Amino acid sequence: QVQLVESGGGLVQAGGSLRLSCAASGRTFRNYLMGWFRLAPGKEREFVAAISWSGGSWSGGVTYYADSVKGRFTISRDNAKNTAYLQMNSLKPEDTAVYYCAARTDWGTWHKADEYDYWGQGTQVTVSS
């Protein structure tokens with residue numbers, strides 16, 4: 001069992017940056033594959049980015065991004081702090097959404113939300129034009 005708490009959302013002008021954090025409880029954070037999703041009004045939940053687990057002899061940290069954020073967003077993790085991050089640069093009004101972090105223990109298909117086991121409560125990101 002793991003609990004996830006997002007933070008770092010807010011209001012920013014187009015072209016600005018935000019860094020979202022996802023703090024996880026438990027001592028096995030390094031064993032979870034972490035993902036970020038977003039939900040905008042009137043739209044379906046959308047995959048944003050994911051990062052593999054890491055630890056032991058494997059440095060891990062394989063990442064995967066949605067085409068809509070590739071080159072602008074960066075996902076990372078700090079296992080010592082039990083925290084995943086989403087650095088968002090060059091923000092656009094269409095990035096406005098509630099952002100959720102999620103965790104899973106299997107490799108599976110990273111962009112499929114229903115394959116994630118745990119979810120945070122979300123943090124609002126609003127980008128003004």
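**Strands, loops and a disulfide**

At 40% relative accessibility, S90 counts as partly exposed, because this value falls between the 20% below which a residue is called buried and the 50% above which it is called exposed. The structure described here is a predicted model, and S90 is found in its loop between strand 8 and strand 9. The backbone of S90 adopts a positive phi of about 50 degrees, although the residue is not a glycine. Most residues other than glycine have a negative phi. A positive phi of about 50 degrees is also found at N82, again a residue that is not a glycine, and N82 is placed in the loop between strand 7 (73–78) and strand 8. With a relative accessibility of 19%, N82 counts as buried, because the limit for that class is under 20%.

With regard to the overall fold, the chain contains eleven strands and zero helices, so that reading along the sequence gives the pattern β-β-β-β-β-β-β-β-β-β-β. The radius of gyration of the chain is 14 Å, close to the 14 Å given by the globule rule for 129 residues, and the chain is therefore as compact as a globular protein of that length. The C-alpha trace spans about 45 × 25 × 25 Å along its principal axes. Of the 129 residues, 46% count as buried, and the chain exposes about 6,600 Å², of which carbon and sulfur atoms supply 47%. Among the contacts in the chain with a separation of 6 or more, 60% are accounted for by residues that lie 24 or more positions apart.

Strand 3 (residues 18–24) has five of its seven residues buried, and it is therefore largely enclosed by the rest of the structure. Strand 3 pairs with strand 1 (residues 4–7) in the antiparallel sense over four bridges, and in this pairing L4 stands opposite A24 of strand 3. Strand 3 is also joined to strand 8 (residues 83–88) by six bridges, with the two strands running antiparallel; here the bridge partner of L18 is M88 in strand 8. Within strand 1 the side chains alternate along the strand, with L4 and E6 pointing to one face, where they are buried, and V5 and S7 pointing to the other, where they are not. L4, which is thus one of the buried residues of strand 1, is the residue that faces A24 across the pairing with strand 3.

One disulfide is counted in the model, and it joins C22 to C101 with an S to S distance of 2.0 Å. C22 lies in strand 3 and C101 in strand 9, so the pair ties together parts of the chain that are 79 residues apart in sequence. A disulfide is a covalent bond between the sulfur atoms of two cysteines. The torsion about the S-S bond of C22 and C101 is about 55 degrees, and the disulfide is therefore right-handed. With regard to accessibility, C22 counts as buried at 0%, and C101 is likewise buried, with a relative accessible area of 1%.

Strand 9 (residues 97–104), in which C101 lies, also holds R104. R104 is buried, with a relative accessible area of 0%, and its side chain makes polar contacts with acidic partners, namely the side chain of D106 at 3.1 Å and the side chain of E115 at 2.5 Å. When neighbours within four places in sequence are left aside, R104 is in contact with N31, Y32, L33, T109, W110, K112, E115, Y116 and D117. E115 therefore appears in this list as well as among the polar partners of R104, because its side chain lies 2.5 Å from that of R104, within the 4.5 Å used for a contact, whereas D106 falls within the four places in sequence that are left aside.

Key:
Residues are numbered from 1 along each chain as its sequence is written. This is a predicted model: local features need pLDDT of at least 70, side-chain atom pairs count only at pLDDT 80 or more; totals for chains, interfaces and linings use all residues. Side-chain values use heavy atoms; hydrogens and water are left out. Buried means under 20% relative accessible area, exposed over 50%, partly exposed in between (1.4 Å probe, protein chains only). A polar contact is a pair of N or O atoms within 3.5 Å; within protein, one must be able to donate a hydrogen and the other to accept it, and residues adjacent in sequence count only if both atoms are side-chain atoms. Two strands pair if DSSP finds at least two bridges between them. The radius of gyration is taken over C-alpha atoms; the globule rule is 2.2 Å times the number of residues to the power 0.38. Accessible areas come from the Shrake-Rupley method with a 1.4 Å probe; for residues, only the protein chains shown count as cover. A disulfide is a pair of cysteine sulfur atoms within 2.5 Å.
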